[in-house]
Amino acid sequence: MAFQDFDQITQRRQQHRKQRLRKRITFALVSIVVVLLLAAAAAAVCVVVYNKQNQDEASERNNESPPAPKPINAAITKKICEESLMKAVDKNVSVKPVDILKASFVFAPEEVEKVLKKVFGLKYDTPFERAALDDCLVLLNDAVEELNSSISSIHGDFGKISARTHDINNWLSAVLSYQQTCIDGFPEGQEKAAMEKLLKNAKELGSNALAIVSQVFDILLTLKGSSADRKLLGLDREGFPTWMSHENRRMLKADASKYTPNVTVAKDGSGNFRTISAALSALPKTYTGRYVIYVKAGIYKENVVVNKTMVNVTTYGDGSQKTIVTGNKNYVDGVPTFQTATFAVLGDGFLAQSIGFRNTAGPEKHQAVALRVQADRSIFMNCRMEGYQDTQYAQAHRQFYRSCYITGTVDFIFGDAAINNVTAQGRIDKRQTTGIVIQNCHILADAKLEPKKERFMSYLGRPWKEYSRTVIMKTQIGDLIQPEGWLEWSRDFALKTLYYPEFNNKGAGADTSGRVKWPGYKVIKRDEVLKFTVGPFLQGESWLKKPNIRVLFGLST
């Protein structure tokens, strides 16, 4: 009996201690109006209303603007969120609002690092599983790096933090993509379930941070007025996204033949190198500015990786059907999809022009990627991506494609990046700033398919993950597309949570009267579609100024 009494006293003390900690958090957050609103986005997010997620999701499905910020958010796992915030303020007698915001991040990289240690010690029997494990080690290290980038950007006053919100959301969205890619690398079964269990807490912490930052940004916009972020919708006179730098804009506007290359690649030995990989390996580690590689006409049979240290690289050729990089790695031969790419881009600021990327494995080999892009602020102009299943893997971050030709059969544009560019988008969290946007494009049958198109049923896309988001606007859609437009992934999976809008498309396949009746499908109006144009969706104003490529920030007139 005495032991039971002591246990009850201990529990009461622990409960009292938690209440004091919550009071300290609340006290730190209610000193001024801004801080009071922040409380709704940080500490109170763990202990107050948990039924708002349904309201937000319903608003998104009904194409309504979400209500003004209130205490939120059901998307967050309460226990994980509470524990991380409590640890952050337990020994801090002077909690500041920025401390609460940073606390939502700080335990996420620690959790991923714990998983890394466990993953590093795992042993698998088959080469495929070992390859998937290697991918996980790379991806989780990338996740830690980008989580730390997010944390280091949380400093100064809230005005400065607000200016970095798009970058923070971009990094956190990528982190969730990396973790899910790690899991998806394993075939269905015990190994995949075990990896998913290992990453459960890490994914929840990442979702917590993304939800809190998104809400803080909404609050700041509310305080500043609805016009605070309106500049993202602006149009450049030449139609350039404002995120494109002046140097890159100048380069892409100019004829590629007028570039001044640092090195030349030529199969016949007339250049500095015979392979693209060799040219990249020789890139100076201390080089500043844009490093330009000219690749002469020819078919280059190699698997190229532009690694994370190779930033601001430009690669241009003599034409997308003259300068071609080709490979044939594929899933059936025992290579995880992540590793099948003929050309993989990880270094930020990458720019490619007038080059072709191929994977010739064939349809019987299933997943076989021609181009995989993980690099932030990457640009592709007048390029050609050819394959069958999973041709273009838009893995993560902000990507821009103009005047590119992409061919395939099944899910040939897929991934979880934010891209402007038929589809299998993989957004796993409704607050990820990712999606596939197809604007001013042509969706048509390839010349080889044209005489046989009646024998095949073609669709605009299907939901790879629960919050899949694909937007098709002002695009010419051919008669190969079925009247339903979109295809289920598996029964009713994601049909209520996906977001598949269409706007002002043309062509025989653009008639929406026979489209699917899913809650997540809709025909939207101009005001709604504007936020998915290059300016607001990719924050184009901040990184597309330098390449001289014609880019339309908003909608063409």
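This passage describes the nonpolar cores and the aromatic contacts of a predicted model.

The largest nonpolar core holds 46 residues. Within this core, Phe105, Val119, Leu172, Met195 and Leu199 have the most contacts. At least two core residues come from each of four helices: H6 (97-120), H7 (127-152), H9 (165-184) and H11 (200-224). Helix H7 contributes the most, with 10 residues. The core also draws on two domains. Domain 1 (77-225) and domain 2 (247-392 + 402-411) each supply at least three residues. Another core lies apart from this one and has 29 residues. Val263, Val306, Met310 and Leu371 are among them.

Phe105 illustrates the packing in the largest core. Leaving aside residues up to four places away in sequence, Phe105 touches Ser150, Ile151, Ile154, Ile168, Leu172, Ala209 and Val213.

Aromatic rings were examined next. The whole structure contains 12 aromatic pairs. One of them joins Phe128 and Tyr331 in an edge-to-face arrangement. Their centres are 5.3 Å apart, and the planes meet at 80 degrees. This pair links distant parts of the chain, 203 residues apart. Phe128 belongs to helix H7, whereas Tyr331 sits in the loop between strand S6 (323-327) and strand S7 (343-345). Phe128 counts as buried because its relative accessibility is 14%, under the 20% cut-off. Tyr331 has a relative accessible area of 28%, so this residue is partly exposed.

Ring pairs also build a cluster from Phe343, Phe350, Phe357, Phe380 and Tyr401. Two charged side chains lie over ring faces. Lys267 is placed over Tyr300, 5.7 Å from the ring centre. Arg462 is placed over Trp489, 3.9 Å from the ring centre.

Terms used. Residues numbered from 1 in each chain as written. Predicted model: local features only at pLDDT ≥ 70, side-chain atom pairs only at ≥ 80, totals over all residues. Heavy atoms only, no water. Core = buried A, V, L, I, M, F, W, Y, C linked by side-chain atoms within 4.5 Å. Buried < 20%, exposed > 50% of the residue type's maximum accessible area, 1.4 Å probe, protein only. Domains from an automatic or database assignment. Contact = heavy atoms within 4.5 Å. Phe/Tyr/Trp six-rings, centres within 6.5 Å; stacked < 30°, edge-to-face > 60°. Lys NZ or Arg CZ within 6 Å of the ring centre and 35° of its normal.
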